[in-house]
Amino acid sequence: MQIAHRIQQISVSQSLAMAARCRALQEQGVDVINMSLGEPDQPTPLFIQKAAQQAIADNWSHYGPVPGISSLRQAIAKHQNAFDGNAITWQAEDVIVSVGAKAAIFNAIQTIINEGDEVIIPTPSWVSYGEMVKLAGGKVISIPTTAQENYCLTAAQLRDAITSHTRLIILCSPNNPTGTIYSDSRMDEIVAVLWEYPEISILSDEIYNGLTYGTTARSWAYYTDLAERLIVVNGVSKTYAMTGYRIGWMMCKNTSFIAACTRLQSQQFTCATMIAQKAAEAALTADQESVSYLRAEFQERRDLICRLAREVKGWRFVEPHGAFYLFPDVSAIGNGDEVAEMLLEKAHVAVVPGSAFGDPSCIRLSFAIGNEAIIEAMHRIKTALA
Ligand code: PLP
């Protein structure tokens, strides 16, 4: 059977590939600790599970509006408006609900990018942005950021990367895989450059903004003058431990963009699962105690893994202030691919090589596993590397 050229050019997500290898070893009876996954290990809070059950009982089992159930869109707008680092006033009609943040990002890129358009992506970055840009016919312009700059793009780097073909920049703060957050002053500097280029849209992936430790992450929606060309993406996957529900969204003040993207979704999946939408609405409209709990738990794990990782010879890292990943530079020991392979084979700890995120000198460890598992994994890693 023929496989289309555009599909042949995309690679499989390396983090999902590592998770599959890990599962295969576990099925053979090998005791592997999986630090490759990008999801909370905790169960979905009970009140959200109950809301999903209630939605089934209430027969939320028919097609719904393409951009999402109106009450959920209202809840999303209200939720974002309540966020400290946000200044744009979002309305329900600015919101499109999608099948996870992944589909929101995919559709936003498809809606904006023409063949040959350039998309700036600071790296290390989430595995899927580049593949999605390629699928839309766009050209990925990766800009390597450094540990010295807290893995954040500088204004000078941005200015140098912009050409007459640049149409989009994708920013993610807190970042996957580094867990770093843009400072307010760095954001001001970046925005000062973007003001000179009104043809460039900004896609801000804020999927981890509910999981920050000792700080908050300002949204790019702090800059009201960007409203007409800013797309903010978020979802319930990470903050509410709802990865399998597949509910994410995008928000944009540009009505042409919203109409175009809604058209795309209408020909693609019609609407996100109605039952999951009702569960997401329950998550957003309840008191946010479960989020505070998750955040506190991850902060404790972040502290634990950083303490143990400082004892590993040859590792250097920037302490993450958000998300649930540690991204050590292991180049003093070897290339990230080799180290990841060795840790799986010898220590039975699955991590993702940094090359998946555009930085082959690093590896990514998820600390969204229990404290005991973190202690055991770090012990195995230290022993194997010694
Ligand atoms: N954006 C980033 C940075 C992510 O790490 C992920 C998931 O790993 C997503 C988006 C996708 O989230 P969702 O599960 O809502 O599709």
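This passage walks through the main sheet, an enclosed helix, the ligand site and a smaller group of strands in a predicted model.

The main sheet is a good place to start. Seven strands make it up, and the sheet is open, with mixed pairing and the order β2-β8-β7-β6-β5-β3-β4. At its edges sit β2 (95-98) and β4 (139-144), each of which pairs on one side only. On average, neighbouring strands are turned by 20° against each other, direction ignored. Strand pairing of this kind runs through backbone hydrogen bonds, either parallel or antiparallel. At the β4 edge the arrangement is parallel: β3 (residues 118-123) is joined to β4 by 6 bridges. Within that pair, I120 has I141 of β4 as its bridge partner. Helix α4 (residues 70-81) packs on the sheet, where it touches β2, β7 (230-235) and β8 (248-251). The direction of α4 makes about 115° with that of β2.

Helix α6 (residues 128-135) is a rather different story. It is largely enclosed by the rest of the structure, because 7 of its 8 residues are buried. The buried set runs S128, Y129, G130, E131, M132, V133 and L135. As for what does the covering, the list includes two helices, α1 (5-8) and α5 (100-112), along with strands β3, β4, β5 (166-172) and β6 (201-205). Just after α6 comes G137, with a positive phi of about 85°.

Next comes the ligand. There are 14 residues around it, and those that come nearest are A101, N176, D205, K238 and R246. Polar side-chain atoms reach both oxygen and nitrogen here. N176 places one 2.7 Å from a ligand oxygen atom, and Y208 has one 2.8 Å from an oxygen atom of the ligand. For D205, the polar side-chain atom lies 2.6 Å from a ligand nitrogen atom. Taken on its own, the ligand has 400 Å² of accessible area, and the protein covers 92% of that.

Further along the chain, strand β12 (residues 363-366) is covered on both faces. I363 and L365 are buried on one side, and R364 and S366 are buried on the other. β12 pairs with β9 (residues 325-326) in the antiparallel sense over 2 bridges, and L326 has L365 as its bridge partner in β12. Strand β11 (residues 352-353) also runs antiparallel to β12, again joined by 2 bridges. In that pairing, P353 stands opposite I363, one of the buried residues of β12.

Terms used: Residues numbered from 1 in each chain as written. Predicted model: local features only at pLDDT ≥ 70, side-chain atom pairs only at ≥ 80, totals over all residues. Heavy atoms only, no water. Pairing = 2+ DSSP bridges. Helix = DSSP H or I, 4+ residues; strand = E, 2+ residues; numbered from the N terminus. Axes fitted to C-alpha atoms, helices over the stretch in contact; angles between N-to-C directions. Contact = heavy atoms within 4.5 Å. Buried < 20%, exposed > 50% of the residue type's maximum accessible area, 1.4 Å probe, protein only. Near = heavy atom within 4 Å. Polar contact = N/O pair within 3.5 Å; in protein donor to acceptor, adjacent residues only side chain to side chain. Areas by Shrake-Rupley, 256 points an atom, 1.4 Å probe, with all protein chains shown as cover.
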